[in-house]
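Hi everyone, thanks for making time. I'd like to walk you through one structure today, so please have a look at it before I start talking.

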Amino acid sequence: VNLHKSNDQYQNALTRLIGYQDNSGSEPALNANCKMCEWKSVCKKWIVDNNDCTQIYYVGSAMQQGLRKLGIKTTDDLASQDPEQLKAQVRDLKSKGFFWKSLPDNLVEKSIERAKIFKSGKEVIHSKIDFPDHQFEIHYDLEDDPTQDFVYLHGIVLAEKGKSPEYHAFFAESKDDEKAVAEQLFDFLKKYAGAPVYHYSP
């Protein structure tokens, strides 16, 4: 049994808890849950004052902890990284319990690129997009649990010209259902072959 990963996670959690006691490890991270927390203004000030890397959209608490193991704390630190070298370092730390199992390599590159844009303070203007004209449009999103490498929900909004949009959910109760639910999604998409599919993020 490979106990290295679990032991590493335990030691990391223990170090953080001890830090909370002596006020040396209570460094916040900016993430989607902050809007529900009473401490959000205090944490946000610390994050901005320290130029913390969680100001970058892709960098949450799990990624912050892993990057700190590599000495990367600020947005400037992240912006200065070599993508190939950092990807290799992230792969190594993933095997030791840091980051999360399904973190893709291209997220490392995107994080570096976003950090560079953040540092520059300038907007990035993309070229105009010509949207296809079709009777149907499919708007797609999914929800997953990265701690289990498990996609449990595929959501579709089907928009047809002249009609109200329809929502379709493909939900997996457990990991055992994941494959069957994905097949249901693919069967649904085949019915609307040729229709443009819009989704958030590649």
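A quick word on vocabulary: a residue is called buried under 20% relative accessible area, exposed over 50%, and partly exposed in between. With that in mind, Phe 171 has a relative accessible area of 46%, so it is partly exposed. Do keep in mind that this is a predicted model.

Let's begin with the sheet, where Phe 171 sits. Four strands make up an open sheet, and their order is S3-S2-S1-S4 with mixed pairing. The edges are S3 and S4 (197-199), each of which pairs on one side only. From one strand to the next, the twist averages 25°.

As a reminder, strands of a sheet pair through backbone hydrogen bonds, in either a parallel or an antiparallel way. Here S2 and S3 run antiparallel, with six bridges between them, and Leu 158 is found opposite Glu 166 in S3. These two strands form a hairpin with five residues between them. In its turn, Gly 162 has a positive phi of about 80°. On the other side of the sheet order, S1 and S4 pair in the parallel sense through three bridges, and His 139 faces Tyr 198 of S4.

Now for the aromatic rings. How many aromatic pairs does a search of the whole structure find? The count is eight. Let me show you two of them. For Tyr 57 and Tyr 58, the ring centres are 5.4 Å apart and the planes meet at 70°, so this is an edge-to-face pair. Are these two tyrosines buried or exposed? Tyr 57 counts as exposed, at 52% relative accessibility, while Tyr 58 is buried, at 18%.

The second pair brings us back to the hairpin. Tyr 152 and Phe 171 have ring centres 6.2 Å apart and planes at 75°, so they too are edge-to-face. This pair links distant parts of the chain, 19 residues apart: Tyr 152 belongs to S2 (residues 150-160) and Phe 171 to S3 (residues 166-171). Tyr 152 has a relative accessible area of 27%, which makes it partly exposed. There is also a cluster, in which ring pairs connect Phe 136, Phe 170, Phe 188 and Tyr 192.

Next, the pocket, which I suspect some of you have been waiting for. The largest pocket holds about 1,500 Å³ of space. It is lined by 36 residues, and the closest to its centre are Tyr 57, Tyr 58, Trp 100, Asp 144 and Tyr 200. So our first tyrosine pair turns up again here. Which element gives the most to the lining? That is S1, with five residues. Helix H3 (61-69), helix H6 (105-120), S1 (136-145) and S2 each contribute at least two. Sorted by class, the lining has 19 nonpolar, 11 polar and six charged residues.

One last stop, right beside Tyr 58 in the numbering. Val 59 is in the loop between helix H2 (40-49) and H3. Its relative accessible area is 1%, so Val 59 is buried. The C-alpha atoms of Val 59 and Thr 75 are separated by 9.9 Å, and the two residues are 16 apart along the chain.

That's my tour; I'm happy to take questions.

Definitions and conventions. Residues are numbered from 1 along each chain as its sequence is written. This is a predicted model: local features need pLDDT of at least 70, side-chain atom pairs count only at pLDDT 80 or more; totals for chains, interfaces and linings use all residues. Side-chain values use heavy atoms; hydrogens and water are left out. Rings of Phe, Tyr and Trp (its six-membered ring) pair if their centres lie within 6.5 Å; planes under 30 degrees apart count as stacked, over 60 as edge-to-face and the rest as tilted. Buried means under 20% relative accessible area, exposed over 50%, partly exposed in between (1.4 Å probe, protein chains only). On a 1 Å grid over the protein atoms alone, a cavity is a set of points where a 1.4 Å probe fits but cannot get out, and a pocket is an open set with protein on both sides within 12 Å along at least five of seven lines; lining residues have an atom within 4 Å of a point. Grid points are joined across faces, edges and corners, and a volume is the space filled by probe spheres set on the points. Ala, Val, Leu, Ile, Met, Phe, Trp, Tyr, Cys and Pro count as nonpolar, Asp, Glu, Lys and Arg as charged, and the others, Gly among them, as polar. Two strands pair if DSSP finds at least two bridges between them. Axes are lines fitted to C-alpha atoms, for helices over the stretch in contact, and angles run from 0 to 180 degrees between N-to-C directions.
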